[in-house]
Amino acid sequence: MKRLRGAVLAAALVVGVAAPALYLWRDDASERTALQAEQRTIAQLSSHVSALEARPQAPADWAVVAARVERSVVTVETSTGLGSGWVARSEASGSDLVTNFHVVAEAWNAGVTTVDVKQGDRTFAGTIARVDRQDDLALVHVNERLPALATQQIRPPLGSTVMAVGSPLGLGGTVTVGVVSGFRSLEGSDYLQFSAPISPGNSGGPVVDAHGRVIAVASAKLVGDGVEALSLGIPVQVACAGVVACAVGQG
């Protein structure tokens with residue numbers, strides 16, 4: 001874990017055919033009646049929408065969210081260390097996984113582009129396909145087709161509950177829950193701050209919302225005496241713009 005100290009667009013062609021002109025006549029009273037009916041309909045619809053918006057939302061079933069998300073989370077391992085990753089894109093040619101650059105940095109700097117990708121009792125051969133040192137991101141490709149996670153392209157509200165999924169200390173399939181605590185700019189990079197605990201090995205794993213959509217890539221935490229639950233993630237928009245075309249969920 002990275003440690004931060006201190007704090008065919010188509011156009012329609014319409015062909016006109018001449019036709020006799022038709023006129024609709026209606027007296028003023030009929031027009032007023034029709035207008036009043038339309039206004040009542042609009043008012044009823046507005047009231048219905050307001051009632052729906054005010055209705056309390058059912059709490060998320062985080063056990064269901066975890067079970068769904070875990071199918072798309074892996075452990076990324078090199079000869080010098082390990083981290084986590086998640087499936088951002090999946091097609092016939094295989095799957096693209098997002099992780100942190102610092103998870104694969106030593107291997108990449110040594111000219112090694114292969115990694116082990118583990119999920120449960122399965123191990124896949126992975127290839128480092130792209131890196132972004134500045135934003136601490138890397139893309140790993142595997143030939144296996146794995147389910148991709150949807151991503152949320154709207155910044156989550158403060159206080160919303162989130163879940164971090166990954167492999168702290170190599171313990172794959174670990175989940176922790178917390179809330180979005182803030183949005184920070186540290187050392188020239190933007191981060192989403194959250195309170196779900198993370199540990200070495202979580203790096204590169206997804207932080208997801210109550211719908212299982214990725215909102216951030218777990219990457220670091222603030223450390224120090226008495227410091228707790230100050231976890232940081234790279235906003236998923238950065239990963240989707242820089243290293244991979246993500247599967248986008250509905251907002």
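This is a short tour of the salt bridges in a predicted model, pair by pair.

**Before you start.** Side chains of opposite charge can pair when their charged atoms come close. How many salt bridges are there to visit? The count comes to three, with a side-chain nitrogen of Lys or Arg required to lie within 4 Å of a carboxyl oxygen of Asp or Glu.

**Stop one: select Glu77 and Lys118.** Show both side chains as sticks and look at the gap between them. Their closest N and O atoms are 3.1 Å apart, and the two residues form a salt bridge. Now color the strands: Glu77 belongs to strand β2 (residues 73-78) and Lys118 to strand β5 (residues 114-119), so this pair ties together parts that are 41 residues apart in sequence. Switch on the surface if you like. Glu77 is partly exposed, at 26% relative accessibility, and Lys118 is also partly exposed, at 30%.

**Stop two: select Arg89 and Glu91.** Here the side chains meet in a salt bridge with an N to O distance of 3.6 Å. Keep the surface on for this one. Arg89 has a relative accessibility of 33%, which puts it in the partly exposed class. Its partner Glu91 is partly exposed too, with a relative accessible area of 31%.

**Stop three: select Asp209 and Arg213.** You will find another salt bridge between side chains, at 2.9 Å from N to O. Are these two residues buried or exposed? Both Asp209 and Arg213 are buried, which means that each has under 20% relative accessible area. Hide the surface, or make it transparent, to view this pair.

Technical notes
Residues are numbered from 1 along each chain as its sequence is written. This is a predicted model: local features need pLDDT of at least 70, side-chain atom pairs count only at pLDDT 80 or more; totals for chains, interfaces and linings use all residues. Side-chain values use heavy atoms; hydrogens and water are left out. Helices (H or I, at least four residues) and strands (E, at least two) are DSSP runs, numbered from the N terminus. Buried means under 20% relative accessible area, exposed over 50%, partly exposed in between (1.4 Å probe, protein chains only).
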